Amino acid sequence: MELHNLSELEIKWIEKAKSLNKCIVLPEAELDDRVLNAGLYVAENDIANVVFLVKSNSLDKYSNLKNVKVVNYLTSDLKPVLSSALYVKRKDKGLTKEEAEKLIENPNYFATMMLDLGLVDGYVCGAITSTKDSLKPPLQIIKGKSKDALISSFFVMINQNKPFGENGALLLADCGLNENPDAVSLSKIAIDSANTAKNLCFFKDVKVACLSYSTMGSASSELTKKVVDAVSLANQNAPDILIEGEMQLDAAIIKEVAMLKAPNSKIKGEANVLIFPDLNSGNIAYKTMQRFGDYKAIGPICQGFRKPVNDVSRGASVEEIIFAIVITSIQSCN
(Lines give C-alpha, C1' and ligand atoms only; values in the text may rest on other atoms or scores of the structure.)
Protein backbone atom coordinates (compact mmCIF):
# COMPACT_ATOMS: atom_id res chain seq x y z
CA MET A 1 0.00 0.00 0.00
CA GLU A 2 0.95 3.66 -0.34
CA LEU A 3 0.14 6.65 1.84
CA HIS A 4 -1.27 9.53 -0.21
CA ASN A 5 -1.88 13.23 0.38
CA LEU A 6 0.17 13.37 3.56
CA SER A 7 0.37 16.66 5.41
CA GLU A 8 3.62 18.37 6.30
CA LEU A 9 3.25 17.18 9.89
CA GLU A 10 2.67 13.55 8.91
CA ILE A 11 5.76 13.58 6.70
CA LYS A 12 7.78 15.01 9.60
CA TRP A 13 6.48 12.25 11.87
CA ILE A 14 7.55 9.52 9.46
CA GLU A 15 11.00 11.05 8.97
CA LYS A 16 11.47 11.39 12.73
CA ALA A 17 10.38 7.81 13.41
CA LYS A 18 12.78 6.50 10.75
CA SER A 19 15.67 8.30 12.41
CA LEU A 20 14.89 6.71 15.79
CA ASN A 21 14.71 3.02 14.74
CA LYS A 22 12.42 2.07 17.65
CA CYS A 23 10.63 -1.23 18.26
CA ILE A 24 6.85 -1.41 18.83
CA VAL A 25 4.96 -4.47 20.06
CA LEU A 26 1.61 -5.29 18.43
CA PRO A 27 -0.41 -7.85 20.41
CA GLU A 28 -3.25 -7.99 17.84
CA ALA A 29 -1.34 -8.63 14.59
CA GLU A 30 -2.40 -12.28 14.38
CA LEU A 31 -6.04 -11.40 14.97
CA ASP A 32 -6.60 -8.42 12.71
CA ASP A 33 -5.30 -7.82 9.19
CA ARG A 34 -5.34 -4.05 9.70
CA VAL A 35 -2.77 -4.35 12.48
CA LEU A 36 -0.74 -6.88 10.50
CA ASN A 37 -0.68 -4.71 7.38
CA ALA A 38 0.18 -1.59 9.37
CA GLY A 39 3.03 -3.42 11.05
CA LEU A 40 4.32 -4.77 7.75
CA TYR A 41 4.19 -1.30 6.21
CA VAL A 42 6.28 0.37 8.90
CA ALA A 43 8.74 -2.54 8.83
CA GLU A 44 9.09 -2.67 5.05
CA ASN A 45 9.59 1.10 4.88
CA ASP A 46 12.19 1.15 7.70
CA ILE A 47 9.95 3.35 9.84
CA ALA A 48 10.10 1.10 12.91
CA ASN A 49 10.77 -2.43 14.03
CA VAL A 50 7.70 -4.44 15.06
CA VAL A 51 7.01 -7.44 17.26
CA PHE A 52 3.97 -9.53 16.31
CA LEU A 53 2.60 -11.53 19.25
CA VAL A 54 1.01 -14.82 18.21
CA LYS A 55 -0.22 -18.08 19.71
CA SER A 56 0.04 -20.17 16.51
CA ASN A 57 2.30 -20.48 13.47
CA SER A 58 0.01 -18.34 11.28
CA LEU A 59 2.54 -15.50 10.93
CA ASP A 60 5.70 -17.60 10.70
CA LYS A 61 6.16 -16.59 7.06
CA TYR A 62 6.95 -13.04 8.22
CA SER A 63 9.55 -14.04 10.80
CA ASN A 64 12.48 -13.62 8.41
CA LEU A 65 11.45 -10.18 7.18
CA LYS A 66 13.63 -7.20 7.98
CA ASN A 67 12.47 -5.25 11.04
CA VAL A 68 9.93 -7.95 11.99
CA LYS A 69 10.00 -10.34 14.95
CA VAL A 70 7.29 -12.93 15.57
CA VAL A 71 6.94 -14.08 19.19
CA ASN A 72 4.66 -16.87 20.39
CA TYR A 73 3.57 -15.59 23.78
CA LEU A 74 2.50 -19.07 24.94
CA THR A 75 5.77 -20.88 24.17
CA SER A 76 8.42 -18.14 24.18
CA ASP A 77 11.42 -18.38 26.48
CA LEU A 78 10.43 -14.91 27.63
CA LYS A 79 7.23 -16.20 29.22
CA PRO A 80 8.69 -17.26 32.62
CA VAL A 81 10.88 -14.14 32.73
CA LEU A 82 7.93 -11.84 32.15
CA SER A 83 5.72 -13.81 34.51
CA SER A 84 8.26 -13.53 37.33
CA ALA A 85 8.69 -9.82 36.69
CA LEU A 86 4.92 -9.34 36.71
CA TYR A 87 4.65 -11.17 40.02
CA VAL A 88 7.35 -8.98 41.59
CA LYS A 89 5.64 -5.89 40.20
CA ARG A 90 2.17 -6.72 41.50
CA LYS A 91 2.64 -8.98 44.54
CA ASP A 92 2.06 -6.04 46.89
CA LYS A 93 -1.36 -5.74 45.25
CA GLY A 94 -2.11 -9.35 46.12
CA LEU A 95 -1.09 -11.02 42.85
CA THR A 96 0.14 -14.61 43.32
CA LYS A 97 2.77 -16.40 41.20
CA GLU A 98 0.04 -18.63 39.80
CA GLU A 99 -2.08 -15.64 38.84
CA ALA A 100 0.93 -13.96 37.21
CA GLU A 101 1.61 -17.10 35.17
CA LYS A 102 -1.99 -17.04 33.99
CA LEU A 103 -2.04 -13.32 33.24
CA ILE A 104 1.11 -13.46 31.13
CA GLU A 105 -0.79 -15.73 28.72
CA ASN A 106 -2.85 -12.66 27.88
CA PRO A 107 -1.01 -10.99 24.97
CA ASN A 108 -1.73 -7.51 26.36
CA TYR A 109 0.00 -8.35 29.64
CA PHE A 110 2.83 -10.08 27.76
CA ALA A 111 3.29 -6.97 25.60
CA THR A 112 3.09 -4.61 28.58
CA MET A 113 5.77 -6.54 30.46
CA MET A 114 8.00 -6.48 27.38
CA LEU A 115 7.65 -2.71 27.43
CA ASP A 116 8.21 -2.46 31.17
CA LEU A 117 11.47 -4.45 30.93
CA GLY A 118 12.71 -2.43 27.96
CA LEU A 119 12.48 -5.28 25.44
CA VAL A 120 10.41 -3.00 23.19
CA ASP A 121 10.03 0.78 23.03
CA GLY A 122 6.26 1.10 22.74
CA TYR A 123 2.89 -0.68 22.80
CA VAL A 124 -0.03 -0.24 20.38
CA CYS A 125 -3.32 -2.06 20.89
CA GLY A 126 -7.08 -1.55 20.62
CA ALA A 127 -8.05 -2.48 17.05
CA ILE A 128 -10.18 -5.36 18.32
CA THR A 129 -9.81 -4.82 22.06
CA SER A 130 -11.82 -2.44 24.21
CA THR A 131 -10.04 0.56 25.67
CA LYS A 132 -10.57 -0.96 29.12
CA ASP A 133 -8.81 -4.20 28.19
CA SER A 134 -6.01 -2.64 26.14
CA LEU A 135 -5.13 0.00 28.75
CA LYS A 136 -5.70 -1.97 31.97
CA PRO A 137 -2.26 -3.71 31.89
CA PRO A 138 -0.32 -0.49 31.15
CA LEU A 139 -2.27 1.42 33.80
CA GLN A 140 -1.36 -1.26 36.35
CA ILE A 141 2.26 -1.75 35.29
CA ILE A 142 3.64 1.16 33.25
CA LYS A 143 1.71 3.83 35.13
CA GLY A 144 2.37 7.56 34.89
CA LYS A 145 5.57 9.53 34.50
CA SER A 146 5.27 10.61 38.13
CA LYS A 147 3.20 9.72 41.17
CA ASP A 148 0.69 12.49 40.50
CA ALA A 149 0.73 12.21 36.70
CA LEU A 150 -2.58 12.04 34.86
CA ILE A 151 -3.07 9.76 31.88
CA SER A 152 -5.06 11.60 29.23
CA SER A 153 -5.59 11.48 25.48
CA PHE A 154 -5.52 13.84 22.55
CA PHE A 155 -6.28 14.03 18.84
CA VAL A 156 -4.30 15.88 16.22
CA MET A 157 -6.72 17.29 13.66
CA ILE A 158 -5.20 18.12 10.28
CA ASN A 159 -6.59 20.03 7.32
CA GLN A 160 -3.98 21.99 5.39
CA ASN A 161 -6.71 23.92 3.56
CA LYS A 162 -8.00 25.44 6.81
CA PRO A 163 -6.49 28.61 8.32
CA PHE A 164 -6.62 27.37 11.91
CA GLY A 165 -3.84 26.03 14.10
CA GLU A 166 -0.25 25.64 12.94
CA ASN A 167 0.14 24.52 9.32
CA GLY A 168 -3.47 23.35 9.39
CA ALA A 169 -2.98 21.26 12.55
CA LEU A 170 -4.74 21.55 15.90
CA LEU A 171 -4.29 19.47 19.06
CA LEU A 172 -7.51 18.63 20.95
CA ALA A 173 -7.67 17.17 24.49
CA ASP A 174 -9.07 15.28 26.27
CA CYS A 175 -11.37 13.67 23.73
CA GLY A 176 -11.01 10.01 24.66
CA LEU A 177 -10.30 9.16 28.31
CA ASN A 178 -11.20 11.49 31.19
CA GLU A 179 -14.96 11.85 31.40
CA ASN A 180 -15.33 14.86 33.68
CA PRO A 181 -11.94 16.09 34.92
CA ASP A 182 -11.90 18.47 37.87
CA ALA A 183 -9.93 21.72 37.78
CA VAL A 184 -6.69 20.07 38.90
CA SER A 185 -6.93 17.35 36.27
CA LEU A 186 -7.93 19.85 33.60
CA SER A 187 -4.87 21.95 34.39
CA LYS A 188 -2.64 18.89 34.01
CA ILE A 189 -4.27 18.06 30.67
CA ALA A 190 -3.60 21.61 29.48
CA ILE A 191 0.08 21.52 30.51
CA ASP A 192 0.70 18.02 29.14
CA SER A 193 -1.02 18.92 25.87
CA ALA A 194 1.14 22.02 25.48
CA ASN A 195 4.28 19.95 25.94
CA THR A 196 2.97 17.35 23.51
CA ALA A 197 2.24 20.06 20.94
CA LYS A 198 5.83 21.27 21.19
CA ASN A 199 7.70 17.96 21.44
CA LEU A 200 5.56 15.68 19.30
CA CYS A 201 3.73 17.99 16.91
CA PHE A 202 6.68 20.39 16.46
CA PHE A 203 4.50 23.46 17.06
CA LYS A 204 6.83 26.46 17.17
CA ASP A 205 4.50 28.75 19.11
CA VAL A 206 2.18 26.82 21.43
CA LYS A 207 -1.03 28.65 22.36
CA VAL A 208 -3.47 26.81 24.62
CA ALA A 209 -7.12 27.79 24.93
CA CYS A 210 -9.24 26.20 27.67
CA LEU A 211 -12.73 26.17 26.19
CA SER A 212 -16.13 26.89 27.65
CA TYR A 213 -19.47 28.42 26.65
CA SER A 214 -18.20 31.65 28.24
CA THR A 215 -15.36 33.99 27.31
CA MET A 216 -13.40 35.71 30.06
CA GLY A 217 -16.30 36.05 32.48
CA SER A 218 -19.14 36.66 30.04
CA ALA A 219 -21.09 34.03 32.00
CA SER A 220 -20.62 32.53 35.44
CA SER A 221 -21.51 29.07 36.75
CA GLU A 222 -19.94 26.00 38.30
CA LEU A 223 -19.09 24.83 34.78
CA THR A 224 -17.20 27.99 33.88
CA LYS A 225 -15.57 28.21 37.32
CA LYS A 226 -13.94 24.82 36.80
CA VAL A 227 -12.26 26.07 33.64
CA VAL A 228 -11.23 29.38 35.23
CA ASP A 229 -9.69 27.51 38.18
CA ALA A 230 -7.91 25.10 35.83
CA VAL A 231 -6.34 27.97 33.91
CA SER A 232 -5.21 29.60 37.15
CA LEU A 233 -3.58 26.37 38.32
CA ALA A 234 -1.95 25.78 34.94
CA ASN A 235 -0.51 29.29 34.90
CA GLN A 236 0.87 28.80 38.42
CA ASN A 237 2.45 25.44 37.60
CA ALA A 238 3.67 26.26 34.08
CA PRO A 239 4.13 30.04 33.83
CA ASP A 240 6.27 29.67 30.72
CA ILE A 241 3.34 28.23 28.71
CA LEU A 242 0.65 30.46 27.19
CA ILE A 243 -2.59 29.05 28.58
CA GLU A 244 -5.78 31.15 28.60
CA GLY A 245 -9.46 30.74 29.33
CA GLU A 246 -12.24 30.35 29.92
CA MET A 247 -12.85 30.97 26.24
CA GLN A 248 -15.42 30.18 23.56
CA LEU A 249 -14.17 28.34 20.51
CA ASP A 250 -14.60 31.24 18.10
CA ALA A 251 -12.70 33.58 20.42
CA ALA A 252 -9.92 31.03 20.57
CA ILE A 253 -9.36 30.53 16.83
CA ILE A 254 -10.75 33.56 14.96
CA LYS A 255 -8.82 36.84 15.27
CA GLU A 256 -11.78 39.11 14.55
CA VAL A 257 -13.93 37.45 17.21
CA ALA A 258 -11.08 37.50 19.71
CA MET A 259 -10.75 41.28 19.26
CA LEU A 260 -14.42 41.69 20.18
CA LYS A 261 -14.83 39.08 22.91
CA ALA A 262 -11.34 38.93 24.42
CA PRO A 263 -9.42 42.10 23.45
CA ASN A 264 -6.81 41.49 26.15
CA SER A 265 -6.13 37.91 25.10
CA LYS A 266 -2.51 37.05 24.37
CA ILE A 267 -3.65 34.21 22.14
CA LYS A 268 -5.43 36.75 19.90
CA GLY A 269 -7.56 34.12 18.15
CA GLU A 270 -4.58 31.95 17.17
CA ALA A 271 -4.94 28.97 19.52
CA ASN A 272 -3.44 25.71 18.27
CA VAL A 273 -4.19 23.60 21.36
CA LEU A 274 -7.83 23.31 22.43
CA ILE A 275 -8.68 21.93 25.88
CA PHE A 276 -12.26 20.76 26.41
CA PRO A 277 -13.98 20.84 29.82
CA ASP A 278 -15.29 17.27 29.59
CA LEU A 279 -15.35 14.18 27.41
CA ASN A 280 -18.79 14.94 25.98
CA SER A 281 -17.71 18.23 24.43
CA GLY A 282 -14.28 16.98 23.34
CA ASN A 283 -15.51 13.82 21.67
CA ILE A 284 -18.35 15.59 19.90
CA ALA A 285 -16.02 18.35 18.71
CA TYR A 286 -13.40 16.11 17.12
CA LYS A 287 -16.02 13.97 15.39
CA THR A 288 -17.79 17.08 14.10
CA MET A 289 -14.52 18.40 12.67
CA GLN A 290 -13.78 14.99 11.15
CA ARG A 291 -17.19 14.38 9.58
CA PHE A 292 -18.34 17.89 8.68
CA GLY A 293 -15.10 19.88 8.54
CA ASP A 294 -13.08 17.41 6.46
CA TYR A 295 -10.32 17.15 9.04
CA LYS A 296 -8.11 14.09 9.32
CA ALA A 297 -8.21 12.82 12.90
CA ILE A 298 -4.99 11.29 14.25
CA GLY A 299 -5.69 9.55 17.56
CA PRO A 300 -6.64 8.97 20.21
CA ILE A 301 -3.05 9.18 21.41
CA CYS A 302 -2.20 8.80 25.10
CA GLN A 303 -0.03 11.16 27.10
CA GLY A 304 1.26 10.90 30.65
CA PHE A 305 2.45 7.27 30.63
CA ARG A 306 5.99 6.53 31.83
CA LYS A 307 6.58 4.68 28.55
CA PRO A 308 4.71 4.99 25.23
CA VAL A 309 1.32 3.25 25.24
CA ASN A 310 -1.44 3.83 22.71
CA ASP A 311 -4.96 2.53 22.27
CA VAL A 312 -6.24 2.83 18.70
CA SER A 313 -9.92 3.04 17.85
CA ARG A 314 -11.66 -0.23 16.99
CA GLY A 315 -12.76 1.50 13.78
CA ALA A 316 -9.22 2.54 12.88
CA SER A 317 -7.99 2.20 9.31
CA VAL A 318 -4.64 0.70 8.37
CA GLU A 319 -3.28 4.23 7.85
CA GLU A 320 -4.46 5.32 11.30
CA ILE A 321 -2.74 2.33 12.90
CA ILE A 322 0.43 3.12 10.94
CA PHE A 323 0.47 6.60 12.42
CA ALA A 324 -0.26 5.24 15.88
CA ILE A 325 2.93 3.17 15.52
CA VAL A 326 4.83 6.16 14.11
CA ILE A 327 3.75 8.46 16.94
CA THR A 328 4.43 5.82 19.58
CA SER A 329 7.97 5.54 18.21
CA ILE A 330 8.49 9.29 18.57
CA GLN A 331 7.01 9.37 22.06
CA SER A 332 9.69 6.94 23.21
CA CYS A 333 12.28 9.71 23.06
CA ASN A 334 10.15 12.51 24.60
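Q: How much space lies in the largest pocket?
A: In this predicted model, about 590 Å³ of space lies in the largest pocket.

Q: What makes a residue part of the lining of the largest pocket, and which residues are closest to its centre?
A: A lining residue has an atom within 4 Å of a point of the pocket. For the largest pocket 28 residues are counted as lining, and K145, Q303, G304, F305 and N334 are the closest to its centre.

Q: Which elements give two or more residues to the lining of the largest pocket?
A: They are helix 7 (183–199) and strand 10 (296–303). Helix 7 provides the largest share, 6 residues.

Q: What is the make-up of the lining of the largest pocket by class?
A: The lining has 11 nonpolar, 10 polar and 7 charged residues. Glycine counts as polar and lysine as charged, so G304 falls in the polar class and K145 in the charged class.

Q: What volume does the second largest pocket have, and which residues lie nearest its centre?
A: The second largest pocket has a volume of about 250 Å³. Its lining consists of 19 residues, with T131, G176, P300, D311 and S313 nearest the centre.

Q: Which elements give two or more residues to the lining of the second largest pocket?
A: Helix 6 (131–141), strand 5 (152–158), helix 11 (279–292) and strand 10 do so. The largest share, 4 residues, comes from helix 11.

Q: Why is P300 called nonpolar and D311 charged in the lining of the second largest pocket?
A: Pro counts as nonpolar and Asp as charged, so P300 and D311 are classed accordingly. By class, this lining has 9 nonpolar, 7 polar and 3 charged residues.

Definitions and conventions. Residues are numbered from 1 along each chain as its sequence is written. This is a predicted model: local features need pLDDT of at least 70, side-chain atom pairs count only at pLDDT 80 or more; totals for chains, interfaces and linings use all residues. Side-chain values use heavy atoms; hydrogens and water are left out. On a 1 Å grid over the protein atoms alone, a cavity is a set of points where a 1.4 Å probe fits but cannot get out, and a pocket is an open set with protein on both sides within 12 Å along at least five of seven lines; lining residues have an atom within 4 Å of a point. Grid points are joined across faces, edges and corners, and a volume is the space filled by probe spheres set on the points.
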